[in-house]
Every structure is written in C-alpha cells, then in structure tokens.
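Here is a short report on one protein chain and its ligand. Keep the sequence and the 3D view side by side as you read.

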Amino acid sequence: MNEIATSMKDYLLQHPQLHYVFFGGKGGVGKTVMAGATAIWAANQGKRVMLASTNPVHSLSGLLGQDVFGKHTPVTGVPNLWAYEIDTKDTIERSKQEIREKIQWFLKFADISTKAEDFVESATMNPAFEESAMFENMIDLMFKDEYDLYVFDTAPTANARRLLGMSKVYSLWVGKMLKSREEARSLRELLSFTKKKEEDPLMDYLVSFRERMGHARELLTDEQKTAFFFVTLAEALPIAVITRFIGWFHDFGIPVGGVIVNMMIDRAQVKEDSPEFVRNRVEMQARYMEDVWEKFDGLVRSIVPLYETEVRGVEMLKRTANSLFV
Ligand SMILES: Nc1ncnc2c1ncn2[C@@H]1O[C@H](COP(=O)(O)OP(=O)(O)OP(=O)(O)O)[C@@H](O)[C@H]1O
Ligand SMILES: [Mg+2]
C-alpha cells in the first residue's frame, strides 16, 4: 500500500517502553539529523533524553551549535535533553591499558619472557579494535540506564550484526577458554601445594565479557526496548544499503523500527517551467518511491522534505521533528 500505515509518532506512542533508538543508513542520508530531531521530539514529550554519539568523527556539536564533547551536556533551549560525544581517543587509550595489563599478567603467568608491548601493538593496531572500543562505549552507556531514552547517532550496524552473529561462537569459545583456564589453574594450585586460590584476571575478564555480551544481546533484541530506524533517500544506493541492513537485522532478531525517507522534493512546488534539473529529480524520486513502498511494505514511518538549507541548530531541528512526527 502506498501510504504510511504506522507513522513515526504512532510507533513511538505504541512503544512506551522504548529505551534505545538507533539510526542507520548510507553515509550522508540524514542519520544525525533524524537522531537529533527524534531526541528533541521525545524530550518535548517529557522524557529525559540522552542524544549520544560514539563515532570517532563526531557531528553532534556541529548539529546543535554547542560543544557537547566529552561530557553529558544539557542542550540549550530544549528542556530534558542532554547530548554527549564520547571521547573515543580516551576510550581507546584505556582499552589499550587494560589489554596491556592482561597481557603482562598472562606472560608472567605462563613464564614467557617476551615484552608485552609487541603483543599489545598487534592486538590494538587494527580498525576492528577501534570499532569494538566504540561498541563497548555504547553498551556502557546503555547499561548505566540514567535516562528514559537513549538516541544514538549512527547505528553500529556492522558491529551489532557481528556481535549477534558471533555471540553463539563467543559463548562456545569463552566456555572452552574458561574450562581450560580452570584446568590450568587447578593444576597450578595442585603443584604449588597450597589450597589458596590464585587470582586470575584473565578468567575474570572472560566471565565478565560473556556476561556483558549476553546482556547487550538481551537489550538489543528486546522489541519493547529497542528500535533501529533506517534512513534512506528515494535513490538506488541508499535503498540498496538499507535493504541489506534490514535483512540482516531480521535474521538476528534485532527490532527494526521502520524506514524514514529523507530529502523528498515537494512536488507541489515544481511547475512545468521549473528547471529541467529539478523536474528530472522529482521524476526520479517518484520512480524510486515505488521501490520504497514495495520493498518496505508497512515499514515506512515518515517522509521528510528536502529543506531549502541544511539542518543545523535547534530551531531547524524542531522544524524537522515536526515533519518527522506529523
Ligand atoms: N531534509 C533535509 N533537508 C535539507 N538538508 C538536509 C536534510 N536532511 C539532512 N540534511 C543535510 O544533509 C547533510 C547530511 O545529513 P547528516 O549529517 O544528518 O547525514 P548522516 O547520515 O548523519 O551523515 P554521515 O553518514 O556522514 O554521518 C547535512 O548537511 C544535513 O544538514
Ligand atoms: Mg552522521
């Protein structure tokens, strides 16, 4: 059906327990803008809202016209709303330090006389490390549970998918690791002729890691608490990207909140004597909207117009929110 069955507003009202909202989609389609607009709308409904970014490349300060880096910052002009760009460098340094300590402990434990630094380098010098540090940041924030609603700028799509896809493997792997750690430990205890239990930071880490991942999975797959929204344009590539995402998310049981179509040119403003360029784009969008209705049947929540300027500042975000939540 070529119409919106359940709007963005309906969806949020029908999910009063909603706690974690994410926006995914191709680069530049308006994820940050939709996160900002949604956060403002929810704050106006009286919820205490945290608009957070875990990306190394932040854009919330720019969007809001206010420095929100490194700490929970009340957003000027919007009661109930806080924004926060996580200091990713700081997290990465801390994660490195944690890993360094674990490796040092392990080398000592195993009586290996190699410098820990070589291992630390190889464990942390890759993009996956940065990505997973960001993911840890996000779930830390989620677990703290200090707000009624968390709106995350940019879904860690690949990460969430990987996490959930891997979580069975993780579980098996960690289970095996734990078992062999237990065995190694009891052997050591036996050999040292003492009954005293040794500390085992590596095992503690594995246990807590498994717990954290399990809890994250629980929250991220809870249909009442979590929703991933996908932003697209009426164009081929952004549609293809979110089609793939939605497929993955269905497979992993992560709740898909719906699809937002952004930057639609207002047809009513286009006349026969409008520039050919504009008429062509309107035609193109109309064609791709056919695809959208067909592919995302029942999932389209809102169609947001292309504005005459970029979306920056609280006033412009309020205007966008009014259109996102008609
Ligand atoms: N409906 C709209 N009308 C006009 N400009 C828009 C609209 N939506 C978004 N924009 C502008 O488009 C640009 C991209 O938006 P935004 O930064 O939200 O995209 P993004 O998906 O978060 O990008 P990235 O992938 O880089 O994080 C911004 O300059 C924003 O102000
Ligand atoms: Mg963005």
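Helices (H or I, at least four residues) and strands (E, at least two) are DSSP runs, numbered from the N terminus. This is a predicted model: local features need pLDDT of at least 70, side-chain atom pairs count only at pLDDT 80 or more, and totals for chains, interfaces and linings use all residues. Residues are numbered from 1 along each chain as its sequence is written, while chains are lettered from A and ligands numbered from 1 in the order in which they are written.

**The chain**

The protein chain has eleven helices and eight strands. Its C-alpha trace spans about 90 × 40 × 35 Å along the principal axes. Of its 326 residues, 31% are buried. Buried means 20 or more other C-beta atoms within 10 Å of the residue's own; exposed means 12 or fewer, and partly exposed lies in between, with C-beta atoms placed from the backbone.

**Around ligand 1**

Ligand 1 is surrounded by 18 residues (C-beta atom, placed from the backbone, within 6 Å of it). The closest are Gly-27, Lys-31, Thr-32, Val-33 and Glu-310. Helix H2 (31-44) and strand S7 (256-264) are the elements that give two or more residues to this shell. H2 gives the most, with three residues.

**Two positive phi angles**

Neither residue in this table is a glycine.

| Residue | Phi | Place |
|---|---|---|
| Asn-80 | about 75 degrees | loop between strand S3 (73-74) and strand S4 (81-85) |
| Met-263 | about 65 degrees | strand S7 |

Is Met-263 buried or exposed? Met-263 counts as buried because 21 C-beta neighbours lie inside 10 Å. Asn-80 is partly exposed, with 19 other C-beta atoms within 10 Å.
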